[in-house]
Amino acid sequence: MTLAAGRPYLAIPGPSVMPDAVLQAMHRAAPNIYEGDIITMVQGMVPDLQRVAMTRGKVAFYIANGHGAWEAALANIAGPGDRVLVCVTGRFGHGWAEMAEGLGIIADKIDFGTTAGIDPARLEDTLRADTAHSYRAVLFSHVDTATSLLNDPRPIRAAMNAADHPALLMADCIASMACEEFHMDDWGVDVAVTASQKGLMVPPGLSFIFVSPKAEEARAAMPRVSRYWDWSGRIDPERFYQFCGGTAPTHHLFGLRAALDMLHGEGMAQVWQRHVTLARAIWAACDAWAAGGTLRLNVADPGLRSHAVTAIGLGGRNGSALREWVSGNAGVTLGIGLGMESPEDPKGEGFFRIGHMGHLNAHMVLGMLGTLEAGMQAIGVQRGAGALSAAAAVIAEG
Ligand SMILES: *Cc1c(COP(=O)(O)O)cnc(C)c1O
């Protein structure tokens, strides 16, 4: 018998769970866009977004998903024939590199694999070898959502400084923003890209680029930038329509206002810490399951694990089978394995991902873990005991 009726839980790494406050803020009549409240509201969101990215850098709004912001960021700093260096730690690194190639930019990749994270020494060697300083930018995913690797920006910045390379440091923070601790300015990130539907808890369709003064200089040196992607008018708008390059996405912006109120009401340090503790509860359960069966966290080193998403291997096609069981029987939707195909598992069906980003609390995580326990029992996955108590102990310690 299915037990899926009741409130569904979308435990995928974006879009994330929409808070009622965000949905309610969006449920209203169309506003006057020529004058009045919406203009002051959007102007007021700029400093609140800067306090999420921890930057004094300017912010550009785009009516686009993360892919759009990827392209927009590149379009402002490089053109056909220019080079960028992409540090790849999963499918999303490849994706950003492909976006560059589509713009005619030459994207050299260093592939660090799917379990190990970025090796700063290797990056430094590559940058030292670029004696002509041909790379305009070094691109990396703060969190690669496919592998659930967390890449600390600080050693990357240190490697660039050690190589004395002038490239911009560009971070894909789409999965990590408002989930993982991040200090754009203090950590030496020049361009940070994010989107609305993950830690920011707003439906997909809005994205943001945070721009350092050095990145503004790089834009100014470009011979030409596609008019729509150009961030210049968006970061320094003289008229309201310039914020979003045309009609503002009014209802997304109302939702974002509510989401920013929630984030700053809780406090960014507390938001990050909540994600850390909830992630540790998930890992504790996984360690207990792993002790008596085939379940494996994709990232073995806890220091390299994201606190927003967890990629898990179950073997066989058990990842897919578990996803099917929990959605059909318990109202929980898990993420698919992404970029994890191998000769033994050509469709990556042994993997699944848990999204634990954004509007998430302890009871949701404990409920989701209990559902996984039931699902593994139902489909016959051998596993260790004590997972739920291990997770509960992490929550109880706080
Ligand atoms: C979700 C995500 C993207 C893509 O965003 P879309 O909104 O789906 O285009 C890119 N990078 C990372 C790290 C992501 O998590």
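These are legends for four close-up views of a predicted model.

**View 1. The largest nonpolar core.** This core has 59 residues. If you want its best-connected members, look for Val-42, Phe-61, Leu-123, Phe-208, Phe-210 and Leu-256, which have the most contacts inside it. The top contributor is helix H2, residues 37–53, which puts in nine residues. There's also a second core, separate from this one, with 36 residues, and Ile-174, Val-211, Ala-215 and Trp-229 are among them.

**View 2. Around Phe-210.** Here we zoom in on one of the residues with the most contacts inside the largest core. Not counting neighbours within four places in sequence, Phe-210 touches Leu-49, Gln-50, Ala-53, Thr-55, Lys-58 and Val-59, and also Met-177, Met-184, Asp-190, Val-191, Ala-192 and Thr-194.

**View 3. Gln-50 on helix H2.** Gln-50 sits in helix H2. Its relative accessible area is 17%, so it counts as buried, the cut-off being under 20%. Beyond its neighbours within four places in sequence, Gln-50 is in contact with Thr-55, Arg-56, Gly-57 and Lys-58, plus Phe-210.

**View 4. Where H11 meets H12.** Helix H11 (residues 318–330) and helix H12 (residues 362–379) have axes that come within 9 Å and cross at roughly 115°, so the two helices are roughly perpendicular. The crossing of H11 past H12 is right-handed. On the H11 side, Asn-318, Ala-321, Leu-322, Trp-325, Val-326 and Ala-330 make the contact; on the H12 side, Thr-371, Leu-372, Ala-374, Gly-375, Met-376, Ala-378 and Ile-379 do. Sorted by type, the residues of this contact come out as 10 nonpolar, three polar and no charged.

Terms used:
Residues numbered from 1 in each chain as written. Predicted model: local features only at pLDDT ≥ 70, side-chain atom pairs only at ≥ 80, totals over all residues. Heavy atoms only, no water. Core = buried A, V, L, I, M, F, W, Y, C linked by side-chain atoms within 4.5 Å. Buried < 20%, exposed > 50% of the residue type's maximum accessible area, 1.4 Å probe, protein only. Helix = DSSP H or I, 4+ residues; strand = E, 2+ residues; numbered from the N terminus. Contact = heavy atoms within 4.5 Å. Axes fitted to C-alpha atoms, helices over the stretch in contact; angles between N-to-C directions. Parallel < 35°, antiparallel > 145°, perpendicular 65-115°, else oblique. Left-handed = near helix turned anticlockwise from the far one by under 90°. Nonpolar A, V, L, I, M, F, W, Y, C, P; charged D, E, K, R; others polar.
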